[in-house]
Amino acid sequence: MAAGSATDTGNGGRLFAEYLAEKRPAIEAYLVRHAPAPLSDETHAGDDLSRYLYDPFARFTRSGGKRTRPALALLGCEAVGGDASCALSAAAAIEDFQSAALIHDDIADEGEMRRGQPCVHRTEGIGVAINVGDLGIVRTFGGVLEDESLDGTTKLRVLEEIAQMEQRTVEGQALDLGWARDERWDVTTGDYLTMATHKTAFYSAASPLSIGAICGGGTDAQVEALGSFGIDAGLAFQLQDDLLNLVGDAEAQGKDFRSDITEGKRTMIVCWALEHLAGAERDELLGILSSHATDASVLARAVELMEDAGAIDAVRSYAHGLARSAKASLKGVELAGDAHAVLESMADFFVERRG
């Protein structure tokens, strides 16, 4: 685990960044070794299977990603005293689900680019892309079932957690897509937090940590504590994402800067602003959000309205409060090595990152 002592906590996310860098090579190597391939009894059309299914999935997986979620599975395993290698199949499963979710999200959002390359549905067509994404979902279970290092009981617990993670994620996505489809602007901050918890917090932090702890033989108390930590930290991660899109580094974000306004996303910032603005200002913000505006001055005006409502400061404060709550959930929980320090650093990393 990354260098540091239990008293060397936080460090503005430095320890966690070091942990990600340390674990990434092992994750990348495992993903390559265990990339999905045609089943062994396939004797016909093997080239076409690769062309229409396995190769596009492999290209997408190799195209990038920070591998944060699989690293969290390894961290959860090590935090309870387990060997990180025991969590690699689960880590890969979570990354496969991430790939599936992104491929399908890009179709739903009619996206053009992902990780600096054309989206899968742009290069392969919508039908093939949907099926390629489906392969990622299938592999979330297949890879774990094939892992001979895990006993049957552990596999069952891991698969149960994965199934719940996936269901919560699609529930959150249902709310996000449904609100947009029906042009709903009555979404409250509480509604948003429910959606973001389901869509992001579980699969971005809580579930990977819990699943890793299960692979490492953690106690029920350890698994529960790591999951609670992950819910708060994962939600803070999403809120910071929303903030960076509006008031982050425009040059670093490029064309995506303030795209949440153009797309009319129901973020907590938007919900807060609409709850606290009235009259002409509220109508003006609603008009911008509904118009799919791309003009920089119009987008800047939307941010100004949100700032006037106190939404930017309120959400930033809420995110930092979540980070503090995440750290508090680990108090008194016995964890191995420097896990406390790395996890506290993770909470800081999630709310202090700039990209």
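Here is a short conversation about helix packing and aromatic rings in this predicted model.

Visitor: At what angle do helix α2 and helix α6 pack?
Guide: Happy to start there! Helix α2 covers residues 46-62 and helix α6 covers residues 126-145. Their crossing is right-handed. The axes lie 9 Å apart, and the packing angle is about 65°.

Visitor: How many residues of the contact of α2 with α6 are nonpolar?
Guide: From α2 come Y52, L53, Y54, P56 and F57, which meet V128, N131, V132, L135 and G136 in α6. None of the residues in this contact is charged and two are polar. The nonpolar ones number eight.

Visitor: Which helix holds F350, the partner of F16 in an aromatic pair?
Guide: The two rings are edge-to-face, with 5.9 Å centre to centre and 90° between the planes. This pair links distant parts of the chain, 334 residues apart. F16 belongs to helix α1, while F350 belongs to helix α16.

Visitor: Why does F349 count as partly exposed and F350 as buried?
Guide: Those two form a tilted pair, 6.3 Å centre to centre with 55° between the planes. Buried means under 20% relative accessible area, and exposed means over 50%. F350 is at 2%, so F350 counts as buried. F349 falls in between, because its relative accessibility is 23%.

Visitor: Which residue lies over the face of F237?
Guide: F237 is part of a cluster that ring pairs build with F16, F349 and F350. Elsewhere, the charged end of R266 sits over the ring of W185, 3.7 Å from its centre. For F237, at 3.9 Å from the ring centre, the residue is R353.

Conventions: Residues are numbered from 1 along each chain as its sequence is written. This is a predicted model: local features need pLDDT of at least 70, side-chain atom pairs count only at pLDDT 80 or more; totals for chains, interfaces and linings use all residues. Side-chain values use heavy atoms; hydrogens and water are left out. Axes are lines fitted to C-alpha atoms, for helices over the stretch in contact, and angles run from 0 to 180 degrees between N-to-C directions. Helices (H or I, at least four residues) and strands (E, at least two) are DSSP runs, numbered from the N terminus. A crossing is left-handed if the near helix is turned anticlockwise from the far one by less than a right angle, and right-handed if clockwise. Contact means heavy atoms within 4.5 Å. Ala, Val, Leu, Ile, Met, Phe, Trp, Tyr, Cys and Pro count as nonpolar, Asp, Glu, Lys and Arg as charged, and the others, Gly among them, as polar. Rings of Phe, Tyr and Trp (its six-membered ring) pair if their centres lie within 6.5 Å; planes under 30 degrees apart count as stacked, over 60 as edge-to-face and the rest as tilted. Buried means under 20% relative accessible area, exposed over 50%, partly exposed in between (1.4 Å probe, protein chains only). A charge sits over a ring if NZ of Lys or CZ of Arg is within 6 Å of the ring centre and within 35 degrees of the ring normal.
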